[in-house]
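Got your viewer open and a selection box ready? Let's take a walk through this model, one selection at a time.

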Amino acid sequence: MGKQLPASELKRDESLRVVDNRTGKEYTVPITNNSIPANFFKGIRAAAGPNDRPEDETERGLRVADRGFLNTAVIESHITYIDGDNGVLRYRGYPIEQLAERSNFLEVSYLLIYGALPSASQLSHFTSEVLLHGPIHSDAEGFFRAFRYDAHPMSMLTSAFAYLGSYYGEANPSLQGQDLFTKAAKGDPVALQNMDRQIFRLIGKATTLAAMAYRIRQGRDFVVPPTGMSYAESFLYQLDHLSPTDHLSELHSTKPHPVLVKALDILFILHADHEMNASSTTVLQTGSSLPDPFSAVAAGCASLYGPLHGGANEAVIRMLISIGSPKNVPAFLEAVKKRQKVLSGFGHRVYKTSDPRSFIIRKVADEVFAVTGRDPLLDTAMALHDAALKDDYFVSRKLAPNVDFWSGLIYRAMGFPMDFFPVLFVVPRVVGWVAHWRQMMLSPSGVKIWRPRQLYLGPSTRDYVPLEERTSAFQVGVGMEPSVIEHSGMTKRRKLAEAAGKVRSKL
């Protein structure tokens, strides 16, 4: 792509030369941080051509089309860096490998939110505030018990984050003024304190809400977050503690197993942030209209709920179950090549070599299996892992195991149901969401509402046709009219009764 100029004519200049072949005009587009401003192209205008429609708005300047944001930078960020071609992931400059080995989740949370590793006193203060904000109002018990017994935990958790915002009117710009948080960028200490208080609440209560969503499915009473435990310890305790009269727990230790605590803490670090993924983008898209942060996090939670995002590790387990045993792996991979099956847990939208988190999590998996016992699916997983990495079809397409391949096996070994896997993704990702939200609120240039453009390809202007003049085939095609659906139960009986009534009225 592109025509190479002779070396004698080449002069390094941080700009892009664009020639509009419609008009013959030449433009120089500035390049900053290896990016060009999309807004610049609004100034490249031309008269409408023979194939242009009025809806193309040719005379109003070019638009940049990027379906799915494949190559669009929507913000300037200082938080997370990913080099997908070389398998690099860094939080605020620190390699993920070092953080997973030497740090802990709340220290990494501090790093992501505030930009530097904390001192001992800073970490103590931050940890204390997060854990102190774990307990939730007793009314929340009624909220969770209002859900059906078989409600998906992600539906409960998404609703719970939005519900949480109803308690804190001081955190709502709709009630307190739209500059409630943005004035912190100008050094307002009260606004900054208010912002951090909501961050403490969101991180502290994330485990509490997640545990409540888990226990309602188990038919258990809810557990108040304990004192004297780490973040991951407290979460596992809230999930598993039976009751204040649980004498077995009193005789032994009420603390969860240290290997499981450490494994969960590392998994939380690995999932804390991942740059501009779907859910983080959703949080910022929502946050750009300046709602309370609880609503923005609820929106992110809903985005992560989707199977193309937070449900990937669950898909891995379902895939391994469907394969059945190692002997069926070759046939499965052949079916994948023929596009008859889907290979889950391999490849990544960003990483074009290997996911750096997958190497860390592989070691964690071995440590967990040593405590919980070997999962029968592990043999199938290893056979699939080894076969795919030796197959040129998958190697040439850069389909290496990602973090989801192993995390699902770990969660399954720890006894979590599959529909709870996305919840275990949300809890740490809340930190990434609030880090990006805080960065947006503190932007020196202020917050601009995110309002992307579209390429309108629908009908041009047409006149209204009265109902009696329209034919039944006024508009045809797949998806161009409401589907005919089957009814059952009360609706079916009512429709039958109505039809019978019409027949009787004609007699």
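Start with Arg 145, which at 37% relative accessible area is partly exposed. One thing to keep in mind as you click: this is a predicted model. Now add Asp 221 to the selection; this residue counts as exposed, at 56% relative accessibility. The two side chains form a salt bridge, with N and O 3.7 Å apart. What parts of the chain does this pair link? Arg 145 sits in helix H4 (residues 140-145), while Asp 221 belongs to the loop between helix H7 (189-218) and helix H8 (231-240), so the partners are 76 residues apart and the pair links distant parts of the chain.

**More salt bridges**

Next, select Arg 12 and Glu 14. Their side chains meet in a salt bridge too, with an N to O distance of 2.9 Å. Arg 12 is exposed, at 74% relative accessible area, and Glu 14 is partly exposed, at 42%.

Now go to Asp 355 and Arg 357. Are these two buried or exposed? Both Asp 355 and Arg 357 are buried, and their closest N and O atoms are 3.0 Å apart in another salt bridge. Then pick Glu 57, Arg 60 and Arg 453 together: salt bridges with shared partners join these three into one network. If you'd like to hunt down the rest, the structure holds 19 salt bridges. As a general point, side chains of opposite charge can pair when their charged atoms come close.

**Zoom out**

Hide the side chains and show the whole chain. You should find 20 helices and five strands. The C-alpha trace spans about 95 × 85 × 60 Å along its principal axes. Of the 507 residues, 43% count as buried. If you draw a contact map and keep contacts with a separation of 6 or more, 70% of them come from residues 24 or more positions apart.

Color by domain next. Domain 1 covers 15-60, domain 2 takes 94-306 + 430-442, and domain 3 runs over 313-411.

**Where domain 2 meets domain 3**

Select domains 2 and 3 and leave the rest faint. Their C-alpha centres lie 30 Å apart. At the interface, 13 residues of domain 2 are in contact with 15 residues of domain 3. Interface size is often given as the accessible area lost when the parts come together. Here domain 2 and domain 3 bury about 1200 Å² between them, and 79% of that is on carbon and sulfur atoms. Which domain 2 residues lose the most area to domain 3? Pick Leu 267, Leu 270 and His 274: together they make up 41% of what the domain 2 side buries.

Try looking for charge pairs or polar pairs across this interface. The salt-bridge count between domain 2 and domain 3 is zero, and so is the count of residue pairs in polar contact, with both residues at pLDDT 80 or more. Now show helix H1 (96-102) and helix H10 (258-271), each of which supplies at least two residues to the side of domain 2 that touches domain 3. H10 gives the most to that side, with eight residues. Sorted by class, the domain 2 side has nine nonpolar, three polar and one charged residues.

**Helix H18 and its surroundings**

Select helix H18 (residues 403-413). How many of its eleven residues are buried? Ten of them are, leaving the helix mostly covered. Among the buried ones are Phe 405, Trp 406, Leu 409, Ile 410 and Tyr 411. To see what they pack against, show H10, H13, helix H15 (356-372), helix H16 (377-390) and helix H19 (421-441).

Look at both ends of H18 while you're there. At the N-terminal end, Asn 402 acts as a cap, with a side-chain oxygen 2.9 Å from the backbone nitrogen of Asp 404. Just after H18, Gly 415 has a positive phi of about 95°.

**Last stop: Ser 322**

Hop over to helix H13 (residues 312-323) and click on Ser 322. This residue is exposed, at 53% relative accessible area. A polar atom of the Ser 322 side chain lies 2.6 Å from the backbone oxygen of Met 319. Finally, measure to Phe 332, ten residues along the chain from Ser 322: the two C-alpha atoms are separated by 9.4 Å.

Terms used. Residues numbered from 1 in each chain as written. Heavy atoms only, no water. Domains from an automatic or database assignment. Contact = heavy atoms within 4.5 Å. Buried area = accessible area lost by both parts, 1.4 Å probe. Salt bridge = Lys/Arg side-chain N within 4 Å of Asp/Glu carboxyl O. Polar contact = N/O pair within 3.5 Å; in protein donor to acceptor, adjacent residues only side chain to side chain. Helix = DSSP H or I, 4+ residues; strand = E, 2+ residues; numbered from the N terminus. Nonpolar A, V, L, I, M, F, W, Y, C, P; charged D, E, K, R; others polar. Buried < 20%, exposed > 50% of the residue type's maximum accessible area, 1.4 Å probe, protein only.
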